[in-house]
Amino acid sequence: MERDTLSELEVEIGYSTEWDEFWSYVGNKANQRWTWYLIEKKSGIIIAWENGRRKDSVLKELLLKVAKFPIKICYTDDWGAYQRLFPEEYLHLIGKDETWRIERKNLNFRQHIKRLARRTICFSKREDIHDKVISMYIERYYFKHGKYSASA
């Protein structure tokens, strides 16, 4: 190859991500609280999260948080909000076969934070405390690491 043949090399980086949400409650089961989040598929690192209701507005907030990230592929379940709100530049693939990593993280959340367990006497009384507990857990164990790390 001649020296000047390759003068520039274009490299495009794009994330492949898994998106999901899990529910818990504050006070009583009628007051559901949802945590929406996405992980980078290869490393498992949680890129961003948002706590709120299971409404389109919460997903919109999460999408605003990741708007600057070069996301190319999104694997999700069949929840309609993803189909309605994802930008056209995202390749959106639906199916449980490609979301097993994030589904496993949901199980870890429920095992490690007792207030998220489905049958428990532990529950949050205030939404702000509930959201802070989940956020602190994510930042401590998953935000910088792809897997649960007690030595974070």
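**Group meeting talk: a five-strand sheet and its aromatic rings**

Let me begin with helix 1, residues 56–65, which lies across strand 1, strand 2 and strand 3 and runs at about 150° to strand 3. Helix 4, residues 127–141, also packs on the sheet; it touches strand 1, strand 2 and strand 3, and its direction makes about 170° with that of strand 3. Please keep in mind that this is a predicted model.

Now the overall layout. The protein chain has four helices and five strands. If you read along the sequence, the pattern is β-β-β-α-β-α-β-α-α. Of the 152 residues in the protein chain, 42% are buried. The accessible surface comes to about 9700 Å², and carbon and sulfur atoms account for 52% of that. Take the contacts between residues at least 6 apart in sequence: 51% of them join residues at least 24 apart.

On to the sheet. As a reminder for everyone, strands of a sheet pair through backbone hydrogen bonds, either parallel or antiparallel. Here we have an open sheet of five strands, in the order 3-2-1-4-5, with mixed pairing. Which strands stand at the edges? They are strand 3, residues 46–52, and strand 5; each has a single partner strand, so one side of each is left without a neighbour in the sheet. From one strand to the next, the twist averages 25°.

Let's walk through the pairings on one side. Strand 1 and strand 2, the latter covering residues 28–40, run antiparallel and are joined by ten bridges. If you want a spot to click on, S24 stands opposite R33 in strand 2. Strand 2 then pairs with strand 3, again in the antiparallel sense, over six bridges. There, Y37 stands opposite W49 in strand 3. These two strands, strand 2 and strand 3, form a hairpin with five residues between them, and G44 in the turn has a positive phi of about 85°.

Strand 3 deserves another look. It stands at an edge of the sheet, yet how many of its residues are buried? Seven of the seven are, so strand 3 is largely enclosed by the rest of the structure. Remember that helix 1 lies across this strand, and that helix 4 touches it as well.

Next, the aromatic rings. A search of the whole structure finds twelve aromatic pairs. One of them is W19 with Y90: the ring centres are 6.4 Å apart and the planes stand at 45°, so we call the pair tilted. In sequence, the two partners are 71 residues apart, with W19 in strand 1, residues 15–26, and Y90 in the loop between helix 2 (80–85) and strand 5 (91–94). Are these two residues buried or exposed? W19 is buried, with a relative accessible area of 1%. Y90 counts as buried too, at 10% relative accessibility, because the cut-off for buried is under 20%. Both rings also belong to a wider group, since ring pairs link W19, W36, Y82, F86 and Y90 into a cluster.

Finally, two arginines that sit over tryptophan rings. R54 lies over the face of W79, at 3.5 Å from the ring centre. The charged end of R110 sits over the ring of W23, 5.9 Å from its centre.

If you open the model afterwards, try the hairpin of strand 2 and strand 3, and then the ring cluster that includes W19 and Y90. Thanks, everyone!

Note on methods
Residues numbered from 1 in each chain as written. Predicted model: local features only at pLDDT ≥ 70, side-chain atom pairs only at ≥ 80, totals over all residues. Heavy atoms only, no water. Phe/Tyr/Trp six-rings, centres within 6.5 Å; stacked < 30°, edge-to-face > 60°. Buried < 20%, exposed > 50% of the residue type's maximum accessible area, 1.4 Å probe, protein only. Lys NZ or Arg CZ within 6 Å of the ring centre and 35° of its normal. Pairing = 2+ DSSP bridges. Axes fitted to C-alpha atoms, helices over the stretch in contact; angles between N-to-C directions. Contact = heavy atoms within 4.5 Å. Areas by Shrake-Rupley, 256 points an atom, 1.4 Å probe, with all protein chains shown as cover.
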